[in-house]
Amino acid sequence: MGKPDGFLLYERREDGMRDVSTRIRDYNEIHASQSEEARCRQAARCMNCGVPYCQSGIKLHGMVTGCPLHNLIPEWNDAIYRSHNEHALNRLLKTNPFPEFTGRVCPALCEKACLNGLDGNPVTIRDNERFLIEYGFEHDLLNPVIPSVRSQKRVAVVGSGPAGLAAAHRLNQRGHTVTVYERDDEIGGLLMYGIPNMKLDKSVIRRRRAKMEAEGIVFHTGVSVGDEIALEDLRDQYDAVILACGAKQARVPDVEGITETSGVINAVEFLKQTTKALPALPMVNAHGKHAVILGGGDTGNDCVGTCIRQECASVVQLEMMPKPPEERTPDNPWPEWPKTLKTDYGQQEAIHVFQKDPRLFSRTITSLIKEDNVLRGVETAEVHFSQGKMNISEERETIPCDLLIIAAGFTGCEPELPASMGIERTARNTVATGEGTYMTSVEGIFTAGDMHRGQSLVVWALAEGLACAREVDAWMMGYTNLL
């Protein structure tokens, strides 16, 4: 433990974000930074608890608290405090292959379980993590690590999102020859095209790709497995195949004509078009339009921030669930995940521009208002939940809308690829495996990430990719020494 009274001497100071009036004019990363001296003080607040819930990754009342990767958080916080940054980075990389992703986009399950949060403010664990990985790149501490011995085993990974990248990284470090297939023109999955630049600049993904290629991993982009190459052919050509294709089948609201109306777009497609078009506007954009976003999650917030940057005339975000409380309620104690109100960067920006919160809680769309099949408005109604059932009020309110962005989540994986080889799926439309395992119903084909567990967090995708790699290694070699 670095400084026994650090949590008493120093207040929590987050890295924060760039000034809102400046950042809404560009797509550069919103994250600000602090000095190394300030970072030492923040790390000094870590208490090195006897039972550090921050790294536990345990489930309480159906919600996970603490890091699913079981990062050695007290160890590297202590090392940061002592300015032993290289050692701290080594301890971080022991469990997390890509801190540059989690340090930017993870909702920080670790911080929600920090003991300091019981009666104060938690340690800035996510900021500390991002500091370490960027310190490593800036000081040339992350040179390619090339395996000295190759196993002669070959693995194909289908999908290059965080789960696929984590599995590929771990298996390559073990000495297997790994080839990654990605149908988009760039690797990263939702990291590349589902998360906007201001939250995760794409140079961060390309930087990681360059390192992985230097370590021996081969990437084939623009190749759709199932179209250009059959899954069965991959199974014949490789010793093992990992399906990490995500849960990309979007949920379509039950609103008449919503899929045929001009001016309606899926959130991920909207974000993808924006990323690919930068610095220009994409074909479908919010410039001068009244934008409505259906969905109150992180993707919906990202769409709010994107609409602000495209200079929309207005933006409204509809959330079916009621407004959460500002503070924890007695039935939601620490260290459970806090079910409290979160006002994220996009909503903050909308408040700055339009002087009001864009969110309307307990509200959904009931119908579309169109002229010649072109969207002009949406009719909404209040939603109430009683005994697990959703009840929609008979009263209606019309909201002007030229652009409707659907951010209502996903309904599992796209079924065509697993169906091509008769791979079993669950009732939730995820690829089925035994409990706690990653082998599908077809021997030699494994799965990980959202395709396996359903729509989830980047940190869970990384954890699944690493665990799947361990199982693949054991299956091919007859034993494993992977963690």
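A residue is taken as buried when its relative accessible area is under 20%. By that criterion, 12 of the 14 residues of α8 are buried in this predicted model, so the helix is largely enclosed by the rest of the structure. Helix α8 runs over residues 125-138. From first C-alpha to last, α8 reaches 20 Å, close to the 20 Å expected at 1.5 Å a residue. Its buried residues include the charged side chains Asp127, Glu129, Arg130 and Glu134. Ile125, Phe131, Leu132, Ile133, Tyr135 and Phe137 are also among the buried residues. Asn128 and Gly136 complete that list. The cover over these residues includes α3 (36-44), α4 (73-81) and α5 (85-93). It also includes α6 (99-105), α7 (109-112) and α11 (202-214). After α8 comes Asp140, with a positive phi near 55°.

Internal voids were then examined. Rolling a probe the size of a water molecule over the atoms shows where empty space is left. The count comes to six cavities of 30 Å³ or more. The largest cavity has a volume of about 100 Å³. Its lining comprises 14 residues, and Cys67, Asn71, Cys106, Cys110 and Glu129 are the closest to its centre. Two elements, α7 and α8, give two or more residues to this lining. Helix α8 gives the most, with three residues. Nine lining residues of the largest cavity are nonpolar, three are polar and two are charged. Glu129, close to the centre of this cavity, is also one of the buried residues of α8.

The second largest cavity has a volume of about 80 Å³. It is lined by 16 residues. Nearest its centre lie Cys46, Met47, Cys49, Cys54 and Cys114. Here α4 gives the most to the lining, with three residues. The lining of this second cavity divides into 13 nonpolar residues, three polar and no charged.

Cysteines appear by the centres of both cavities. How many disulfides does the model hold? The count comes to zero. The sulfur of Cys49 has its closest cysteine sulfur in Cys114, at 6.4 Å, which is too far for a bond. The cut-off for a disulfide is a pair of sulfur atoms within 2.5 Å. Cys110 is likewise in no disulfide, as the nearest cysteine sulfur, in Cys67, is 6.1 Å away. Cys110 has 9% relative accessibility and therefore counts as buried.

An open site was also characterised. The second largest pocket has a volume of about 460 Å³. Of its 17 lining residues, Leu93, Lys94, Val145, His169 and Gln173 are the closest to the centre. Elements α9 (162-174) and α11 each give two or more residues to this lining. The largest share, three residues, comes from α9. The lining of the pocket divides into seven nonpolar, five polar and five charged residues.

Glu215 lies in the loop between α11 and β5 (218-221). Its relative accessibility is 2%, so Glu215 counts as buried. Beyond residues up to four places away in sequence, Glu215 touches Asn143, Pro144, Val145, Ile146, Pro147 and Arg150, among others. His169, Asn172 and Gln173 are further contacts of Glu215. Among these contacts, Val145, His169 and Gln173 also belong to the residues closest to the centre of the second largest pocket.

Technical notes:
Residues numbered from 1 in each chain as written. Predicted model: local features only at pLDDT ≥ 70, side-chain atom pairs only at ≥ 80, totals over all residues. Heavy atoms only, no water. Helix = DSSP H or I, 4+ residues; strand = E, 2+ residues; numbered from the N terminus. Expected span 1.5 Å × (residues − 1). Buried < 20%, exposed > 50% of the residue type's maximum accessible area, 1.4 Å probe, protein only. Contact = heavy atoms within 4.5 Å. 1 Å grid on protein atoms, 1.4 Å probe; cavity = no way out; pocket = protein on both sides within 12 Å on 5 of 7 lines; lining within 4 Å. Points joined across faces, edges and corners; volume = space filled by probe spheres on them.
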